[in-house]
Amino acid sequence: MFFRRFYEEGLAQASYLIGCERSGEAIVVDANRAVSQYTEGAAAAGLRITRVAETHIHADFVSGSRELASLSGATLLLSAEGGPEWQYEFAQRDGAVLLHDGDIVPIGNVRLAVLHTPGHSPEHLSYLVTDLAASDRPLGLISGDFVFVGDVGRPDLLETAVKITGTMETAARTLFGSLARFRALPDFVQVWPGHGAGSACGKALGAMAQSTVGYERIANWGVAARDEALFVRQVLDGQPDTPPYFAVMKRMNREGPPLLRELPIPKRQDPANIIRLANASDVVLDVRPADAFAESHIPGSLNLPVGTPLASWAGWVVPYDREIFLVADDAGAADRALHEMTLIGLDRVAGWFASDALASWERNGRQLQRVARLSVSELAARMTRSEVTVIDVRNDMEWGQEHLAAAVHLPLGQLSRRLDEVPRSRPVVVYCQSGTRSAIAASILLASGLGDVSNLRGGFAEWTREGKPALRD
């Protein structure tokens with residue numbers, strides 16, 4: 001049996017290529033839109049992709065299954081479980097084979113047994129993999145968003161993302177029932193989850209790429225739970241904020257994502273054309289490093305630097321209903337940004353400008369904007385004189401551990417929706433843990449019309465390193 005895991009760092013998302021080296025057949029499970037990695041990986045192993053499958057209708061990235069099946073000529077396999085409300089609308093149009101609990105998917109000498117494991121979502125499937133050339137005992141479980149290393153899939157997304165009221169507790173109880181099926185598997189079965197640490201599809205995902213049923217039975221709090229009422233309370237408590245783009249992903253993946261190869265390729269724009277953005281409703285997304293953005297940028301632009309989790313933060317702050325223009329240092333940076341944006345369906349990128357376009361902006365009589373950056377001592381002095389409003393854009397857990405005593409707490413993911421809560425009577429200083437998220441926050445605040453915004457250099461980590469006082473709730 002051939003096995004290869006692909007991992008998209010920006011989304012902490014895993015997909016799997018499994019093949020039979022004897023027959024040359026292969027299946028890809030939970031592909032993202034970067035489909036060339038799978039075709040190239042299969043070709044390098046001497047395999048041809050004959051099946052493309054999904055565990056469920058994804059909420060955190062655009063599925064590449066439809067794209068990959070169309071490109072490779074493979075048969076598309078989709079869940080038929082979960083009831084009529086949770087069927088793939090494009091399944092019949094694309095000639096997909098619908099899977100039910102207990103079905104078997106043969107890939108040469110490799111067998112995938114279909115398990116219906118609802119809870120995270122009603123239609124969720126897991127795939128129990130057996131290498132028949134070695135044994136008739138199962139080897140591993142592709143668990144999708146059902147069981148992670150150290151955690152279980154969150155059951156609240158139908159309510160918090162899709163806005164179906166009153167579903168999260170029922171889903172949590174359903175998940176508890178599905179976990180009994182997981183615990184019944186042999187200890188030696190490996191667990192190959194759909195996400196790793198950093199994903200918003202759970203609250204305490206481990207960093208290890210894989211685990212075993214036996215180890216998760218010991219170390220995974222959700223798998224170990226035996227009291228249903230307690231499990232329901234625990235699994236719903238402390239889940240991270242639901243990114244607003246999750247609802248868009250659910251709809252897009254259910255309806256059928258557009259094929260990337262049929263979309264126009266964003267081109268580099270003439271620097272002189274940047275002046276057209278002065279009074280346009282287009283989104284200007286500056287993907288240069290935060291320091292470069294702070295020195296000078298187009299007024300109203302948002303800063304999401306390449307090298308940060310651009311895809312996940314873009315889903316929080318970039319609208320899906322407007323044209324987008326990028327500002328990047330070079331073609332390589334623009335390509336990396338485009339890659340991450342297509343992963344979450346931000347397909348309306350109309351083009352990109354190199355950083356030399358900033359000079360063109362000034363030549364046309366327009367002023368560039370900047371973000372002031374304060375040292376810890378400068379902020380401390382201004383706070384003593386009550387000259388500034390301080391905003392902490394870290395998450396709830398970070399805030400609860402320690403924060404600046406005078407700070408207002410507005411997590412970065414919520415900032416765009418809560419701009420009316422930003423005090424505007426004094427200059428604003430934003431901070432996060434290290435300065436990355438606060439740089440994004442500063443660009444959001446400036447784009448909203450706030451005139452005087454500064455970023456704390458080094459963030460809260462630098463504040464504590466210099467021995468400044470903090471408040472613990």
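Here is a short chat about the two largest pockets in this predicted model.

Reader: What makes Gly198 a lining residue of the largest pocket?

Author: A lining residue has an atom within 4 Å of a pocket point. Gly198 is among the 34 residues that line the largest pocket, and with Ser199, Ala200, Pro240 and Asn395 it lies nearest the centre.

Reader: How much space is in there, and how do you know what that volume stands for?

Author: The largest pocket holds about 1000 Å³. A volume is the space filled by probe spheres set on the points, so that value is about room for the probe. The second largest pocket comes to about 410 Å³.

Reader: Which helices help line the largest pocket?

Author: H8 (245–255), H10 (310–317), H14 (396–401) and H15 (412–415) each give at least two residues. H10 has the largest share, with three.

Reader: Why are 18 residues of that lining called nonpolar?

Author: Because they belong to a set list of residue types, Ala and Pro among them. The rest of the lining is nine polar and seven charged residues.

Reader: And what lies nearest the centre of the second largest pocket?

Author: Leu260, Pro264, Pro266, Leu338 and Thr342, out of 16 lining residues. Helix H11 (331–343) and strand E16 (349–354) each give two or more residues to that lining, and H11 supplies the largest share, five.

Reader: How does the lining of the second largest pocket divide by class?

Author: It has 11 nonpolar, two polar and three charged residues. Leu and Pro count as nonpolar, so Leu260, Pro264, Pro266 and Leu338 fall in that class.

Methods: Residues numbered from 1 in each chain as written. Predicted model: local features only at pLDDT ≥ 70, side-chain atom pairs only at ≥ 80, totals over all residues. Heavy atoms only, no water. 1 Å grid on protein atoms, 1.4 Å probe; cavity = no way out; pocket = protein on both sides within 12 Å on 5 of 7 lines; lining within 4 Å. Helix = DSSP H or I, 4+ residues; strand = E, 2+ residues; numbered from the N terminus.
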